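Student: Hey, can we go through the empty spaces in this protein? I've only just opened it.
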Amino acid sequence: MSMDFAARVERVEPSATLAISDAASALEAEGVDVVDLSVGEPDFPTPENVVQAAKDAMDAGHTGYAPSNGIPALKEAIAEKLADDGLDYDPGQVIVTPGGKQALYEIINALIDDGDEVALLDPAWVSYEAMVKLSGGSLTRVDTAAHDFALEPALDDLADAVSDETELLVVNSPGNPHGAVYSRAALEGVRDLAVEHDFLVISDEIYKEITYGDAESISLGTLDGMGDRTITVNGFSKAYSMTGWRLGYFAAPEELVSQAGKIHSHSVSSAVNFVQHAGVEAITNCDEAVAEMTEAFEARRDMLVDLFADHGVDVATPEGAFYMMLPVDDDDSAWCQGAIDEAHVATVPGSAFGTPGYARLSYAASEKRLREGVERLAEHGYL
């Protein structure tokens with residue numbers, strides 16, 4: 001029997017980042033030593049106090065269903081955290097989700113209908129496009145690569161791309177895959193366009209706690225005129241090294257929470273009960289652990305910039321997150337395939353993020369492995 005699949009599924013491809021990671025895992029299963037720089041997963045263990053909080057929650061019997069939108073203690077902690085960032089949300093405006101990806105999926109599917117226009121800032125995380133296509137929306141894209149991934153000099157291009165037909169813009173700062181942190185002037189430019197054309201903005205702040213030097217990660221919803229048109233998304237995977245725990249959240253105007261809550265309750269029911277209790281511990285008692293991880297990421301970033309410079313390759317210096325865009329051949333997919341096949345270094349093609357001619361590296365790996373990765377790429381002619 002042949003199956004007739006839904007058109008929405010046929011519109012999307014599997015995640016490129018996970019596909020590369022799977023390829024690396026397959027080689028490793030064959031005994032090949034692969035330097036895997038493809039996945040955005042901190043190489044630090046989850047802080048021990050968070051692990052203990054989960055154990056304590058299980059021992060206390062928090063293993064049944066949780067309230068669909070999240071346990072009160074976690075929603076209150078999230079609202080307090082957002083208040084510290086200058087945002088005004090009450091706990092009733094928060095939905096806790098199984099990972100930040102689920103939060104984005106619920107938002108986009110609650111807002112976007114067939115043909116609705118969504119704007120992306122390229123390079124953009126691979127799943128934004130897929131989620132929009134699954135919802136039936138259309139895409140307009142703005143390339144920031146010519147400006148070393150900064151948004152401010154690309155505001156004129158963004159102004160040309162959006163219109164009164166635009167329903168939604170997705171902003172990710174600090175960003176994946178580029179590590180850029182958008183300036184206040186850039187975000188004010190976004191605000192002006194959002195007000196002029198009356199569209200909503202998703203502010204994906206999953207890397208907000210991971211910034212370097214004087215870089216300031218500004219929450220878009222703090223700007224005048226953006227409080228009621230911004231949906232703030234964050235999660236626990238990156239800053240707290242909790243990727244496998246699958247815990248995220250979004251905060252939004254009450255009417256969106258009400259509608260997205262329908263999708264949430266009919267799909268995932270809720271985030272895992274005892275994991276939410278661990279989330280309370282993470283968000284309230286892990287500042288020191290986050291600072292230590294961020295310091296390590298910054299040192300790795302600096303090392304990679306210097307190593308590439310030694311090989312005559314200039315890269316845009318990331319100000320946050322833990323990714324770097326390496327300029328490569330025009331056929332970046334072939335470059336990445338060759339890099340994993342010959343040098344046994346796993347990276348992700350920039351074309352997967354809407355920006356051909358680059359490979360994304362994750363430096364959420366030890367300095368030793370990062371050095372080895374660069375050496376392998378140079379040895380096999382990929383630098």
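Student: Let's start with the largest cavity. How do the residues in its lining split by class?
Tutor: Keep in mind that this is a predicted model. The lining of the largest cavity has nine nonpolar residues, three polar ones and no charged ones.

Student: Which residues are they?
Tutor: They are Leu120, Leu121, Pro123, Ala124, Trp125, Tyr128, Val170, Val171, Asn172, Asn176, His178 and Tyr182. Two elements, β3 (117-122) and β5 (166-172), give two or more residues to that lining.

Student: And which element gives the largest share?
Tutor: That's β5, with three residues.

Student: How much space is in there?
Tutor: About 70 Å³.

Student: Okay, stepping back. How many cavities of 30 Å³ or more turn up in the whole structure?
Tutor: The search finds three. The second largest has a volume of about 50 Å³.

Student: What lines that second largest one?
Tutor: Val171, Ser173, Leu187, Ser203, Asp204, Glu205, Ile218 and Leu220. By class, that's four nonpolar, two polar and two charged residues. Val171 is a residue to look for in both places, as it is in the lining of the largest cavity and in that of the second largest.

Student: Switching to pockets now. What's the volume of the largest one?
Tutor: About 530 Å³. Its lining is made of 26 residues, and Gly40, Lys101, Trp125, Lys238 and Arg246 are the ones nearest its centre.

Student: Trp125 again! Where did I see that before?
Tutor: In the lining of the largest cavity.

Student: Which elements supply at least two residues to the largest pocket's lining?
Tutor: α2 (16-29), α5 (100-111), α6 (126-135) and β7 (230-235) each do.

Student: And how does that lining divide by class?
Tutor: Into 10 nonpolar, 10 polar and six charged residues.

Student: What about the second largest pocket, how much space is in it?
Tutor: About 400 Å³. The elements giving two or more residues to its lining are α5 and α6.

Student: Which of them gives the largest share?
Tutor: α6 does, with seven residues.

Student: Where should I look for the centre of that pocket?
Tutor: Find Glu13, Pro14, Ser15, Val126 and Ala130, which lie nearest the centre out of 17 lining residues. By class, the lining comes to nine nonpolar, three polar and five charged residues.

Definitions and conventions
Residues numbered from 1 in each chain as written. Predicted model: local features only at pLDDT ≥ 70, side-chain atom pairs only at ≥ 80, totals over all residues. Heavy atoms only, no water. 1 Å grid on protein atoms, 1.4 Å probe; cavity = no way out; pocket = protein on both sides within 12 Å on 5 of 7 lines; lining within 4 Å. Points joined across faces, edges and corners; volume = space filled by probe spheres on them. Helix = DSSP H or I, 4+ residues; strand = E, 2+ residues; numbered from the N terminus. Nonpolar A, V, L, I, M, F, W, Y, C, P; charged D, E, K, R; others polar.
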